[in-house]
Structures are given as structure tokens and as C-alpha cells.
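Good morning, and thank you for the time. I would like to take you through one protein model, beginning with a pair of helices and ending with a few individual residues.

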Amino acid sequence: MRKDKITTILLVFFNCLCIYAQNDTVKSNEEILTENTVAQDSAMLENKIYYPEQLGTFFKKLEHLEKEKEGKINIVHIGDSHIQAGFFSGKIRTLLQEKFGNGGLGFAFPYNLAKTNGNPVVRYTSNVEWNSYRNIFPVNGAQVGLSGIALSTSQKNLVIELSIKNSEYGFSKMKVFTPENDQLYHIGITEKEVKMESSITKKITHKIKGGETLSGIARKYNTTVVEIKKLNKLKNNLIQAGKMLSIPTAQRVPAEIPQSLFTNIDGKKTEDFYEFDFERELDKIYFYAGKEVDLYDLNGIVLENDKPGIVYHSIGVNGARFSDYNKYPLFFKQLKGLKPDLLVVSLGTNEAFDRMSVDEFQTQVNLFVKNVKANNPDVDILLTTPPPSYFTKGKPNTVASELTNELIINGIDGKYAIWDMYYYLGATLGLQYLQDEKMLAKDLVHYTVKGYEYTGDLFFESVMHTYSKFNQTEKQRDQ
């Protein structure tokens, strides 16, 4: 314990030096590059996890999986936009599954139906429009659960096609999460072609006002005079006030897809989700309306196979903070259904941009951990600190350093392990290096694919190094 505290003090001191150096007198390019290199080399040499004893249960399960080649380990990675894109967590998934076995893709939310970015391995299409609501907004009754994003439609003729773009993630098991754990959806397969988009253009009506022209109406609705005339069977451009015009839109009328196309597959209701087992690995499956309800909600889908290995669940929400997840009890209730052995949490960037005080930040972290443990008392927790970034060009986000220090100082009492992404990516002194290596995105907040994958490599190395030391210690105890 004393050694941990000394290490913490030294790390805090280093971060403070980084801030001081950034605000000190202007240095030459050569001096800056030298400092960046030193920071980067130090990160590689000291890439460790703080309070590794908090991961003991997880490491024992990992050792069993490695030796016996049986069972699955569930790792759940929760975060903000750094996680929602799927590049950082996706790299970690690939590396862990290469070493310990591929137990399945894990959590797979239809982000594109919510009109946002997500995991590129899974593709969703639907014949109807869906409404979404992120946890970053004020609570308004939306059923925000495991995904951190409420997704719903009132269209009773809904169909969702789920298809896998990477053959390594074919699935033979599936879990479906809904707010009340009702069977809102039937699940089916088919060998027939399913046309998810109608060829019929959706139309709206427009009442012609005095003085309006066809060209003006066409500009208003982002269409053409030719299209309006064709739809209304007009022979010339003369229109009369008070008459109604049909206006074509870019949208299509929802395709009518008969449920008789599908072979229905029965599911089994568990405490937290509906579970489906398939006779063979699939790369495509369909969801369609089950019982008739006013609103069809979907909180998430989990895809697995029958092989032993790691199931790596990735859950991210653009703009999210610890406090945003804390607003929704359904999130923590459904999290239990993933049966996490390890929970990795990557939040803090948005708190830093909000210039949140360290006290308020730690309060929200503690509440988050408490909520997790209330539903998953045996889970091991590993927090990552926010990565280095800029407030604006030339002005580093030094609040990220303050929140990093706060996390590390409180890790002992909070009973969670910490991987210091801020320090291991070079802190403020490493920002220029990240830019030069094209790992920092143009907005100077997010990272490029190269940057996220580099970060994933660092994280994996740190976990494996800590795991190796754990095994050595366990062997010494057994002797």
C-alpha cells in the first residue's frame, strides 16, 4: 500500500511538471521533440496498471481459460465517443481473442438506425424509421438502457436485418435486451431475398399560396419542377392558389415485408433478456414485430458462438460522462445480463471539456462504481484515464491531467484498478508527437484509426504485463 501511494505521488508530480512545461517559456522545436520522445519512451517502459490486486478474480479466470480452453470470459468496455466508434475497443478485442480465443463479438447495437456511428463489423438495415435519444440529454421518459441510447419505433410493420461483415464473428447464440424484457420481436431466418427498401417515393402535400410558383415550391422542398409536374400530371407551370400539390421527397414509403417470408425461431426468456440458440453459425438474421404494442424499444443485442474464449462487449455514447450513465437505473440493471468478469470504463474527456471540478468528478465516479457493484458485486473494475487532447489549437486540455490525478489518488479507496491513458500517451508533452504521427484527429480531441489502434496496443500490453506478473506471484505462493 505504501509503495502504491509513493508511486501515485510521483505520477501526480510528473503530470504537474507537464502542465508547467506547457505553460513555461517558449521552447525550440528540437527541445519539444526531445521532451516528447522522453515522454513517449517513458510511457512504453512504465506501461503498467495501478492497483493490480483489484483484478485478481479476473486474472484467475483468464488463467483458467488459457490453460483449460473452456468457458467464456465477458469483458465489458464502457465509454464515450472514443469507444462508440469501435476502433480502440475493437483493437483490444482482436488482440485478446487472438491470444485467448474468440467467444463472439459481444454487444452489437444498431447505431446506424439511431443515425450515429458504431461498430463496423455489424450492419443493420430496416424498412422503417427509428427514433433515438442519447443518455447525455435530460431524462424525459425515454427507455435508455444498456446501449446508453434509447431506440424505438411505433411502426408495426417493422423489420430489421442484422448482417455480419466479418466471417470471424458468425454467431450461434443471441441475446436481445428490451426495457421490460418482453418479447417485442420475433426472430427469423430466410433463404429468400428480402427487399428492405421500397421503390415507392414518399409524398407530402402542399397547399398553394397566392404568389407562389412551381420553381419556388421546388426549392422549398429540395426537389425539381419536373418531378412535381410528373407526380401531379401537370402539362404546364400554371398553378392556382388554394389547390393542393403532391410533393416528392427523398424518403421511401416503408417496404411491406410479409412475416411469412421468415422461419420463426423460438427464444427463451431469462431474468434479463431473451436468449436464442441456433443450430449453426449465422451471418444474417431478421427481427420483426412480435406482440402488438404502441412502441417497440430495443436496448441491445449480444452475439456469441459456441467456442471458448473472450467475449468483448463495447458500449459507447458520443458526448457521455459518468453522470449521464448514472441517470438511468435501467443501464445498470441490464448490465447485469452481460455477466461481466471485467468492466473497463473509459470516460472523463467530456468532464474535462466541461471543466468539471475534481470533487464533482470523483463523486460521479464513485456513484457509477457503486451502481455497478450493486448489480454485479463480483466484477473487477478497470478505469482508464482520459487521453491527452486540446481545448483549442495550441491550448492543451490540462483539466484532463487534474481528473487523471484524482482518479489515481482515489483508486485505493475506490477499489478499482487504473490504466493511465493520459500519461502513457505522453500527457501534454506528447500531443505534438501524436499530431506528427497522425494519431490525433483534426479536431484535436479524437484520435485517428491509427491513434486508437496504437492506444489499444498499449492497453493490451499493459494488461498482459500485469497478468504475467500476477501469474508469477501466484506460482511463488504455491511453492
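The structure on display is a predicted model. Let me start with helix α3, which covers residues 56-68, and helix α15, which covers residues 449-478. Their axes come within 10 Å and cross at roughly 85°. Because angles of 65 to 115 degrees count as roughly perpendicular, α3 is roughly perpendicular to α15.

Which residues make that contact? On the α3 side they are Gly 56, Phe 59, Lys 60, Leu 62, Glu 63 and Glu 66. Helix α15 contributes Val 463, Met 464, Thr 466, Tyr 467, Phe 470, Asn 471 and Glu 474. Sorted by class, the contact of α3 with α15 comprises six nonpolar, three polar and four charged residues.

Let me now step back to the chain as a whole. The secondary structure of the protein chain consists of 15 helices and 24 strands. The protein chain has 479 residues, and 53% of them are buried. Of the contacts between residues at least 6 apart in sequence, 82% join residues at least 24 apart. The exposed area is about 22,800 Å², and carbon and sulfur atoms supply 50% of that area.

I turn next to the interior. The largest nonpolar core contains 125 residues. Within this core, the residues with the most contacts are Leu 162, Met 174, Phe 287, Leu 343 and Phe 368. Helix α15 appears again here, since it supplies the largest share of the core, nine residues. Leu 343 deserves a fuller account. If we set aside its neighbours within four places in sequence, Leu 343 is in contact with Val 76, Ile 78, Leu 335, Phe 368, Val 372, Val 379, Asp 380, Ile 381 and Leu 382. There is also a second, separate core of eight residues, and among them are Val 194, Ile 257, Phe 262 and Tyr 286.

Phe 368 leads us to another aromatic residue, Phe 322, with which it is in contact. Phe 322 belongs to helix α8, residues 322-326. Is Phe 322 buried or exposed? Its relative accessibility is 2%, so Phe 322 counts as buried. Besides Phe 368, and again leaving aside neighbours within four places in sequence, Phe 322 is in contact with Val 345, Leu 347, Glu 351, Phe 361, Gln 364 and Val 365. Between Phe 322 and Val 345, which are 23 residues apart along the chain, the C-alpha separation is 9.3 Å.

A second buried position is found in a loop. Ala 85 sits between α4 (81-84) and α5 (87-100), and its relative accessible area of 11% makes it buried. Apart from neighbours within four places in sequence, Ala 85 is in contact with Asn 117, Gly 118 and Pro 120. The C-alpha atoms of Ala 85 and Thr 116 are separated by 9.3 Å, with these positions 31 residues apart along the chain.

Two positions are partly exposed. Gly 242 is in the loop between α7 (225-232) and β12 (244-252), and it counts as partly exposed because its relative accessibility is 40%. Not counting residues up to four places away in sequence, Gly 242 touches Lys 207 and Ile 208. The C-alpha atoms of Gly 242 and Lys 207 are separated by 6.0 Å, although these residues are 35 apart along the chain. The other position returns us to helix α15, where Glu 461 lies. Glu 461 has a relative accessible area of 38%, and it is therefore partly exposed. Glu 461 and Lys 48 are 413 residues apart in sequence, yet 8.6 Å apart in space, C-alpha to C-alpha.

I shall finish with backbone geometry. Most residues other than glycine have a negative phi. Where does this model show positive values outside glycine? One is Lys 69, whose phi is about 55°. Lys 69 lies in the loop between α3 and β2 (72-79), and at 56% relative accessibility it counts as exposed. Another is Lys 438, with a positive phi near 55°. Lys 438 is found in the loop between α14 (431-436) and α15; it too is exposed, with a relative accessible area of 62%.

Let me close where I began: α3 and α15 cross at roughly 85°, and α15 also provides nine residues of the largest nonpolar core. Thank you for your attention.

How values were computed
Residues are numbered from 1 along each chain as its sequence is written. This is a predicted model: local features need pLDDT of at least 70, side-chain atom pairs count only at pLDDT 80 or more; totals for chains, interfaces and linings use all residues. Side-chain values use heavy atoms; hydrogens and water are left out. Helices (H or I, at least four residues) and strands (E, at least two) are DSSP runs, numbered from the N terminus. Buried means under 20% relative accessible area, exposed over 50%, partly exposed in between (1.4 Å probe, protein chains only). Contact means heavy atoms within 4.5 Å. Accessible areas come from the Shrake-Rupley method with a 1.4 Å probe; for residues, only the protein chains shown count as cover. Axes are lines fitted to C-alpha atoms, for helices over the stretch in contact, and angles run from 0 to 180 degrees between N-to-C directions. Angles under 35 degrees count as roughly parallel, over 145 as roughly antiparallel, 65 to 115 as roughly perpendicular and the rest as oblique. Ala, Val, Leu, Ile, Met, Phe, Trp, Tyr, Cys and Pro count as nonpolar, Asp, Glu, Lys and Arg as charged, and the others, Gly among them, as polar. A nonpolar core is a set of buried Ala, Val, Leu, Ile, Met, Phe, Trp, Tyr and Cys residues joined through side-chain atoms within 4.5 Å.
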